Amino acid sequence: MPPIILWLLQGVFLLLLYVFVWRSVRAVVRDLRSPAPAARPPSRRRAAPEAAPAPPETRRAAPGQLVVHFPEGRPRVIELTGSPVLFGRSPSCTVRLEDPYVSDDHARIYEADGSWMVKDLKSTNGTFLNRVKVTSPSQIAAGDQLGIGKTIVEVRK
């Protein structure tokens with residue numbers, strides 16, 4: 001093959017490489033500058049014009065225990081007895097999580113007005129209720145799942 005052809009192929013390859021790197025850097029910069037997408041609120045059904053209390057069969061069951069599924073190791077069952085349950089890396093937490101994605105005081109589950117609530121304690125990576133980020137105290141019920149770092153907490157009856 002003549003040297004001029006090899007030289008031209010080398011130039012085209014180098015040009016394509018530069019274009020690829022330039023577009024990659026541009027995409028990363030664009031992603032870093034754009035604001036994070038707003039979390040979509042969970043879809044809610046439209047209320048009937050005459051809002052009557054839901055029959056007991058359709059009400060969500062009150063939680064009685066939490067099953068903490070650690071990334072490594074066996075699950076741990078925690079009975080909800082009325083006292084708050086604190087999750088985090090701090091030794092003072094009820095459930096201590098050795099996870100770099102968990103804050104010292106990460107989340108709290110507590111009883112308020114007969115309902116159990118979960119509150120994110122301004123953690124760095126957030127607390128998730130059924131895969132939706134918790135931004136204010138939210139009611140939990142049997143069947144819900146909480147995400148705290150790499151740990152999944154299952155809410156049971």
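**Entry 1: Glu-154 and its partner**

I began with Glu-154, which is partly exposed at a relative accessible area of 24%. I note at the outset that the model is predicted. I then asked which residue meets the side chain of Glu-154 in a salt bridge. The partner is Arg-156, with an N to O distance of 3.2 Å. Arg-156 has a relative accessible area of 34% and is likewise recorded as partly exposed.

**Entry 2: The count of salt bridges**

I next looked up how many salt bridges there are, and the count comes to 3. The criterion I applied asks for a side-chain nitrogen of Lys or Arg within 4 Å of a carboxyl oxygen of Asp or Glu. The pair of Glu-154 and Arg-156 is one of them, and I took up the others in turn.

**Entry 3: Asp-104 and Arg-89**

I found a salt bridge between the side chains of Asp-104 and Arg-89, at 3.8 Å from N to O. Asp-104 sits in the loop between strand E4 (95-96) and strand E5 (107-112), while Arg-89 sits in the loop between strand E3 (85-88) and E4, so the pair ties together parts that are 15 residues apart in sequence. I also looked up the exposure of each partner. Asp-104 has 47% relative accessibility and counts as partly exposed. For Arg-89 the relative accessible area is 33%, and this residue is partly exposed.

**Entry 4: Glu-98 and Arg-96**

I then turned to Glu-98, which forms a salt bridge with Arg-96. The closest N and O atoms of this pair are 3.4 Å apart. Is Glu-98 buried or exposed? Its relative accessible area is 64%; the cut-off for exposed is over 50%, so I entered Glu-98 as exposed. Arg-96, at 43% relative accessibility, I entered as partly exposed.

**Entry 5: The chain as a whole**

I closed with the overall architecture. The chain holds 1 helix and 11 strands. Read from the N terminus, the helix precedes the strands, in the order α-β-β-β-β-β-β-β-β-β-β-β.

I looked up what share of the 157 residues is buried, and obtained 26%. The accessible surface of the chain comes to about 12,000 Å². Carbon and sulfur atoms account for 57% of that surface.

Lastly, I examined the contacts between residues at least 6 apart in sequence. Of these contacts, 35% join residues at least 24 apart.

Technical notes:
Residues are numbered from 1 along each chain as its sequence is written. This is a predicted model: local features need pLDDT of at least 70, side-chain atom pairs count only at pLDDT 80 or more; totals for chains, interfaces and linings use all residues. Side-chain values use heavy atoms; hydrogens and water are left out. Helices (H or I, at least four residues) and strands (E, at least two) are DSSP runs, numbered from the N terminus. Buried means under 20% relative accessible area, exposed over 50%, partly exposed in between (1.4 Å probe, protein chains only). Contact means heavy atoms within 4.5 Å. Accessible areas come from the Shrake-Rupley method with a 1.4 Å probe; for residues, only the protein chains shown count as cover.
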